[in-house]
Amino acid sequence: MFRSFDSSCSWQAGASADPYRSSDPHEKKQESEPPLQKTYKTLFEKQHKTEHDTVVEECELPLIDLDQLNTGRRERDKCVRAMAKASSEWGFFQVVNHGISTDLLNRMSGEQAKVFGQPFEKKVKEKLLDFSSETYRWGAPSATNLQQLSWSEAFHIPLANCSDPSHPDKSTLRRTINEYAAAVSDLAQQLAQLLTESLGFRTSYFAQNCGPSSCYLRLNRYPPCPLSSEVFGLISHTDSDFLTILHQDQVGGLQLKKDGKWITVKPNQKALIVNIGDLFQAWSNDAYKSVEHRVIANKIVERFSVAFFLCPSYDTVIETCRRPAMYKKFTFGEFRQQVQEDVRRTGHKIGLPRFLV
Ligand code: OGA
Ligand code: NI
């Protein structure tokens, strides 16, 4: 499934309420849950006991200490080299001393829990702040088998209309989103800059084309999943952006593919996770890798994560920085359109291979 800032992805958006749900007031907590099990009942019945891949090893992602950027030339170069190495070998790394305060991360998590804790009906029917009503997504309406279903709900927030300083809405949710987006967007710009520098380029490309208004923030929640051996919290995908910065809680469940094997990422509360998206892989002519990843939902506890997607405007041209170019020149708009078309036609994202020379 294509699951990035895109209406082509197979999310259930604005669907009608669950007709079976109990109105028992004691089931307060249940009121906020999207009716995943009931909605996809037939898929579970049709396809029993296809267990996920066997035991998956737990690993720590390459750890980059961003303090090293400020402790002299040699340390800085070493830090940038380590980041570039991880981007080419893993497509993922984690950063500590990233400059985003624990207080801000905690406030963002608090707002996130509140927003998901609203009654399901409200999440489906009402706009979040003044974003479109398509912002809330859950499950996967077009899933015809369990492999296409994600056991999760999300608010997918275009930052374009979020940061308007003259906006009258003084809600703590908006303020927190703005504050978080501003901080994480600065970090993403800095990391993109360092990664291009490591390829031998000094460019204002990211600053010019990936301003906060073309980026997205996604609040993810993975409800406890009694059937977690049969369905993924989030099915395998690559991100369609330049770079993603993910803040996850301590529950764990994120997995990535390395050398053909799935690996579980060990949570680190001090770190933010960074991963390379399709556009950076194309821009870097495959020096950096956009790696497949997925989430296993926990059987007992809910899991939260926040993802920031560093995206350009739709008319931005993505052209490889080296010759011979592996990919044709394309705009982000063309890329998105092709992905949407492929998802519609084949049920899944094809992505970068479509744009090979
Ligand atoms: C995503 C994603 C992983 C997670 O939102 O694209 O890969 O841990 N999320 O929630
Ligand atoms: Ni992702």
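**Sheet, nickel site and aromatic pairs**

The charged end of Arg294 sits over the ring of Trp262 in this predicted model. Its distance from the ring centre is 3.9 Å.

Colleague: Which lysine lies over the face of Trp90, and at what distance from the ring centre?

Modeller: Trp90 has a charge over its face. The cut-off for such a contact is 6 Å from the ring centre. The residue is Lys258, at 5.0 Å.

Colleague: What is the strand order of the open sheet of 5 strands?

Modeller: Pairing in this sheet is mixed. Its edge strands, β2 (57-59) and β8 (234-237), each pair on one side only. Neighbouring strands are turned by 30 degrees against each other on average, direction ignored. The order is β2-β11-β10-β13-β8.

Colleague: Which residue in β13 is the bridge partner of Leu234?

Modeller: β8 pairs with β13 (residues 293-295) over 2 bridges. The sense is antiparallel. Leu234 has as its bridge partner in β13 Val295.

Colleague: Which residues coordinate the nickel ion (ligand 2)?

Modeller: The donors follow the spacing H-x1-D-x53-H along the chain. Their distances are 2.1 to 2.2 Å. The donors are His237 (NE2), Asp239 (OD) and His293 (NE2).

Colleague: How many residues apart in sequence are the parts that His237 and His293 tie together?

Modeller: Both His237 and His293 are buried. His237 lies in strand β8 and His293 in strand β13, so the pair ties together parts of the chain that are separated in sequence by 56 residues.

Colleague: Why is the pair of Phe116 and Phe155 tilted?

Modeller: The model has 21 aromatic pairs. In this one the ring centres are 5.1 Å apart and the planes stand at 50 degrees. Planes under 30 degrees apart count as stacked and over 60 as edge-to-face. The angle falls under neither heading, so the pair is tilted.

Colleague: Where in the chain do Phe116 and Phe155 lie, and how many residues apart?

Modeller: Both residues are buried. They belong to one aromatic cluster, with Tyr40, Phe120, Tyr136, Trp138 and Phe304. Phe116 is in helix α4 (residues 102-116) and Phe155 in strand β6 (residues 153-158), a separation of 39 residues.

Colleague: What is the centre-to-centre distance of the pair formed by Phe206 and Trp283?

Modeller: Phe206 lies in helix α7 (residues 205-209) and Trp283 in helix α8 (residues 278-283), 77 residues apart. Phe206 and Trp283 are buried. Their pair is tilted, with 55 degrees between the planes. The distance centre to centre is 5.9 Å.

Definitions and conventions:
Residues numbered from 1 in each chain as written. Chains lettered and ligands numbered in written order. Predicted model: local features only at pLDDT ≥ 70, side-chain atom pairs only at ≥ 80, totals over all residues. Heavy atoms only, no water. Pairing = 2+ DSSP bridges. Helix = DSSP H or I, 4+ residues; strand = E, 2+ residues; numbered from the N terminus. Axes fitted to C-alpha atoms, helices over the stretch in contact; angles between N-to-C directions. Donors = N, O, S within 2.8 Å, 3.2 Å for Na, K, Ca; no water. Buried < 20%, exposed > 50% of the residue type's maximum accessible area, 1.4 Å probe, protein only. Phe/Tyr/Trp six-rings, centres within 6.5 Å; stacked < 30°, edge-to-face > 60°. Lys NZ or Arg CZ within 6 Å of the ring centre and 35° of its normal.
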